[in-house]
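Subject: Structure for you to look through

Dear colleague,

I am handing over the structure we talked about, and below it I have written out what was found, so that you can follow each point with the model open beside you. Please read slowly and find each residue as it is named.

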Amino acid sequence: MKRTLGTALKILAFKIPLALALPALVVPALLFAVTVRAADAPVVVTSIKPIHSLVAAIMQGVAEPELIVDGAASPHTYSLKPSNARALQEAKVIFWTGPGLEAFLEKPLQALGSKASIAELDHAPGLVKLPFREGGAFEPHEDGDEHHGASAEGEDHDHAAGTGHDDDHDHGAFDTHLWLDPMNAKAMAAVITTTLVAADPANALTYQANAKALDDKLTALDKEIAATVAPVKDKPFIVFHDAYQYFEHRYGIRVAGSITVSPETIPGAERVSEIHRKVGELGATCVFAEPQFEPRLVNVVIEGTNARSGVLDPEAATLKAGPDLYFTLMRGIAESMKDCLSSA
């Protein structure tokens, strides 16, 4: 009995230090595995938050893409920072919408040459592309006659999706807020997936599985938004700048005009007076500001009318970047429209 007990104690004494040592051995091994995986993943850079969100959703479990236009900044007024330039130099893959929206990226990307795979997502097959609006309460665009060459649903300006940039690209051909239609988000996600798989075949299965899950979520989101705005879709409203055409086109809502054609251009007194008259003609309606641009103009436009003011955030200025941002962005626009117009 004494021998048996002694033997048992020796075995126990051996197992206890081993058990205590296991975490010390296993944790560094796991950290090493994670480090290797992160090091092997490509450096991916994205231009704006909505695009970053789609890319981040597809890259979940592999790595997190970098974002250039972060915080409350807008691509309409953005200047490239030294840290952005370094990120572009290190990138293996770069996703952007195109020069029509992110003009500040055009020359830096051309300078990279073939160092990175550059996916210009406004070339994605199957995109709905809408021409700029003019007339009525929409300002004329000062792009010559370029907008008359804009494509309608599904057309692609004879450009192929994927990498590179065409110097003959017609910058002013179409409204560039493409992501505000979930079906366009699906088309861009398909190009994102193809580009990532080509750049990083070792993680192809993860990218493809994430892309399938994202596609299903976008289908559900589309139905959800349609139901949210259905009660108010026939009520016209005014927006700060004409960024919502794709949302309007998809869900049948009525944007009656915009205060300015582009947020970097402050409208003149005549333009503000014109919109003020339009708001008066519409009676009780809503005029929507945007978080990073001049809200006082909205107050001037609604002064002396029965209109209400609200805020829409088409570029996610107030949202934290990440894979869920796109869904928060789209739901936020739908809810803001519903809340303001329901009371108008």
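A good place to begin is phenylalanine 95, which touches Val44, Val45, Thr46, Ser47, Ile51, Val55, Ala119, Leu121, Ile192, Thr195 and Leu196, if residues up to four places away in sequence are not counted. Please keep in mind throughout that this is a predicted model, and that the values given here were computed from it.

Phe95 is also one of the residues with the most contacts inside the largest nonpolar core, which has 79 residues, and the others named with it are Ile94, Phe237, Phe247, Tyr326 and Met337. Helix α10 gives the most to this core, with ten residues. There is also a second, separate core, made of 16 residues, and Phe240, Ile275, Val298 and Ala307 are among them.

Next comes helix α5, which covers residues 182-199. At its start, a side-chain oxygen of aspartate 181 reaches to within 2.8 Å of the backbone nitrogen of methionine 183. How far apart are the end C-alpha atoms of α5, and what span should its residues give? At 1.5 Å a residue, the 18 residues should span 26 Å, and the end C-alpha atoms are 25 Å apart, which agrees with that expectation. Because 13 of its 18 residues are buried, α5 is largely enclosed by the rest of the structure.

Within this helix you will find threonine 193, which has a relative accessibility of 10% and therefore counts as buried, since the cut-off for that word is under 20%. Leaving aside residues up to four places away in sequence, threonine 193 touches Ile58, Tyr207, Gln208 and Ala211.

Finally, please look for the disulfide, since a search of the whole structure finds one. It is formed by cysteine 286 and cysteine 340, whose sulfur atoms are 2.1 Å apart. Cysteine 286 lies in strand β7 (residues 286-289) and cysteine 340 lies in helix α10 (residues 325-343), so the pair ties together parts that are 54 residues apart in sequence. The torsion about the S-S bond is about -110°, and the disulfide is therefore left-handed. Both cysteines count as buried, with a relative accessibility of 0% for cysteine 286 and a relative accessible area of 4% for cysteine 340.

With best wishes

Definitions and conventions:
Residues numbered from 1 in each chain as written. Predicted model: local features only at pLDDT ≥ 70, side-chain atom pairs only at ≥ 80, totals over all residues. Heavy atoms only, no water. Disulfide = S-S within 2.5 Å. Helix = DSSP H or I, 4+ residues; strand = E, 2+ residues; numbered from the N terminus. Buried < 20%, exposed > 50% of the residue type's maximum accessible area, 1.4 Å probe, protein only. Contact = heavy atoms within 4.5 Å. Core = buried A, V, L, I, M, F, W, Y, C linked by side-chain atoms within 4.5 Å. Expected span 1.5 Å × (residues − 1). Polar contact = N/O pair within 3.5 Å; in protein donor to acceptor, adjacent residues only side chain to side chain.
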